[in-house]
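Work through the exercises below with the sequence and the model open. Try each task before reading its solution.

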Amino acid sequence: MSNQKLKVVHYLNQFYGGIGGEDKADHHPEERAGVLGPGMALQAALGADAEVVATVICGDSYFAENIESALHTVITMIKAHAPDIVVTGPAFNAGRYGVACGAVAKAVFEELRVPVVSGMYPENPGVEMYCRYAYIVRTGNSAADMRKAIPAIANLVKALGKKEEVAPETHAYIPQGLRKNYFHTERGAKRAVDMLVAKINAQPFVTEYPMPHFDRVAPNMPIADARKVKIALVTSGGIVPKGNPDHIESSSASRYGKYDLQGVTDLTPESFATAHGGYDPVYANLDADRVLPLDVLREMEKAGEIGSLHRYFYTTVGNGTAVANCAAFAKKIAQELVNDGVHAVILTST
Amino acid sequence: MVKEIERAGLPVVHMCTVVPISLTVGANRIVPTVSIPHPLGNPQLTAADEKELRRRLVRKALRALETEIHGQVVFDK
């Protein structure tokens, strides 16, 4: 083993694998010999110690919509190469890609028992879901950070390959929530008192056990009867009046839109489209009701199945958009909806 | 977004395809949908069938809004 090169298999989505953009996001799993896309820089950074022997590619939408079967195929492909280490991504702030990179990592960790290195922006949902199973290097929120992400990933791969000790502080990965026992030179009681004294004196100190941050909101009471209430539509799928009058960005949105639905009974291709850059827009542009179900809600309103539909709908693009932005938009939107006497909300996401 | 709407006191149902993400972001009432680029439609169906599919999903969302829950629930039946 010591004289052999470390064998690495690399997982990429359809974009980084060079298959295509969102129109190819339904691409089935496929494998290629050697490196592809960011794998070239990875191989260069790994040098002579390791070889990327194969690259497995899967479309982001295909993976997200067929998690079990896609994962099975991907893992079978990876396993055939008997890798020493698997690298997934980096996915930066791409949500579906991050989830795929994380799910592959979990399966590799559990089934193949080899370490996985990935790279993600800390807000990527893949981090919270899968950071226990992979060494996820902290990256920027877009591929512009590739230059820094690849060397960090390569360093971790090399260190893990040599069975060196790694830690979040020294190897720039996101903590996995693991606790490691060791003997401290001072007993706990003294350390606690020292910390307290430092706090009282407004001196800096570092906690030994950061409290986990849970932000859950309990469900509200249900509506008694949909036939008697006013319902509003909100979407993160980017449906906007054709021409996108408020110029909502196709990714990393900095704003949301509020649009009048009075008199509208159907979202036609002439009047509505999507501004979202994170999924294939063909289907939504042909019929935006596929994302914002206005047509059926109008019919249900007429038939008395719902009390009424709120006059306006709210929309933004949930594609790499900062969590803080989304929360701020929704806070304003929710306040307006409450003020306008809305009772319940249907929020659609792509 | 869904969490902030809930926080403001409005019951909200999240209709989306990637349920694990919805669970991670903290939605409480979740209705799984068809596919990422067309959550509430299916271009392979006839226009009438597609609309019926959409109607069924929206009805499911309304039933979710009428259901008392005490934590995250995926309405997949």
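**Exercise 1. Find the residue of β11(A) that stands opposite Thr235(A), then place the two strands in their sheet.**

Solution. This is a predicted model. Step one: Thr235(A) stands opposite Thr315(A) in β11(A).

Step two: look at the strands themselves. β7(A) pairs with β11(A), residues 308-315. The sense is parallel, and the pairing runs over five bridges.

Step three: dock the helices. α10(A) packs on the sheet and touches β7, β11 and β12 of chain A. Its direction makes about 160 degrees with that of β11(A). α11(A) packs on the sheet as well, touching β7, β9, β11 and β12 of chain A. For α11(A), the angle to the direction of β11(A) is about 165 degrees.

Step four: write out the strand order. The sheet is open, has seven strands and reads β9(A)-β11(A)-β7(A)-β12(A)-β1(B)-β2(B)-β3(B). Its pairing is mixed.

Step five: explain the edges. β9 (257-260) of chain A and β3 (73-74) of chain B each have a single partner strand, so one side of each is left without a neighbour in the sheet.

**Exercise 2. Identify which strand of chain B pairs with β12(A), and give the sense of the pairing.**

Solution. Step one: the partner is β1 of chain B, residues 12-16. Step two: the two strands run parallel and share four bridges. Step three: pick one bridge. Ile346(A) has Val13(B) as its bridge partner in β1(B).

Step four: set chain B in outline. Chain B has three helices and three strands. From the N terminus on, its elements run α-β-α-β-α-β. Its C-alpha atoms fill a box of roughly 40 × 25 × 20 Å along the principal axes.

**Exercise 3. Describe the interface of chain A and chain B: how many residues are in contact, and how much area is buried?**

Solution. Step one: count the residues. 60 residues of chain A contact 51 residues of chain B.

Step two: take the area. About 4700 Å² is buried between the chains. Carbon and sulfur atoms give 67% of that area.

Step three: count the polar links. There are 23 residue pairs in polar contact between the chains, with both residues at pLDDT 80 or more. The rule finds eight salt bridges across the interface. One of them can be checked by hand: Arg55(B) with Glu299(A), where the closest N and O atoms are 2.5 Å apart. The cut-off for a salt bridge is 4 Å.

Step four: list the elements on the chain A side. α2 (60-65), α4 (95-112), α5 (125-130), β7 (230-235), α9 (282-286), α10 (294-303), α11 (323-339) and β12 (344-348) of chain A each supply at least two residues. The largest share, nine residues, comes from α11(A).

Step five: sort the chain A side by residue class. It divides into 37 nonpolar, nine polar and 14 charged residues.

**Exercise 4. Give the strand order of the six-stranded sheet in chain A and say which helices lie against it.**

Solution. Step one: the order is β2-β3-β1-β4-β5-β6 of chain A. The sheet is open, with mixed pairing.

Step two: find the edges. β2 (30-33) and β6 (135-138) of chain A each have a single partner strand, so each has one side without a neighbour in the sheet. Neighbouring strands are turned by 25 degrees against each other on average, direction ignored.

Step three: take one pair. β5 (residues 116-120) of chain A and β6(A) pair in the parallel sense over four bridges. In β6(A), Ile136(A) is the bridge partner of Ser118(A).

Step four: add the helices. α4(A) lies across β1 (6-13), β4 (85-92) and β5 of chain A, at about 165 degrees to β4(A). α6 (residues 146-161) of chain A touches β1, β4, β5 and β6 of chain A. Its direction makes about 160 degrees with that of β4(A).

**Exercise 5. Locate the cis peptide bond between Gly89(A) and Pro90(A), and the positive phi of Lys163(A).**

Solution. Step one: the cis bond joining Gly89(A) and Pro90(A) has an omega of about 10 degrees. Pro90(A) is in strand β4 of chain A.

Step two: Lys163(A) is not a glycine, yet its phi is about 60 degrees. Lys163(A) is in the loop between α6 and α7 (168-171) of chain A.

Notes
Residues are numbered from 1 along each chain as its sequence is written. Chains are lettered from A and ligands numbered from 1 in the order in which they are written. This is a predicted model: local features need pLDDT of at least 70, side-chain atom pairs count only at pLDDT 80 or more; totals for chains, interfaces and linings use all residues. Side-chain values use heavy atoms; hydrogens and water are left out. Contact means heavy atoms within 4.5 Å. Buried area is the accessible area (1.4 Å probe) that two parts lose on being put together, summed over both. A salt bridge is a side-chain nitrogen of Lys or Arg within 4 Å of a carboxyl oxygen of Asp or Glu. A polar contact is a pair of N or O atoms within 3.5 Å; within protein, one must be able to donate a hydrogen and the other to accept it, and residues adjacent in sequence count only if both atoms are side-chain atoms. Ala, Val, Leu, Ile, Met, Phe, Trp, Tyr, Cys and Pro count as nonpolar, Asp, Glu, Lys and Arg as charged, and the others, Gly among them, as polar. Two strands pair if DSSP finds at least two bridges between them. Axes are lines fitted to C-alpha atoms, for helices over the stretch in contact, and angles run from 0 to 180 degrees between N-to-C directions.
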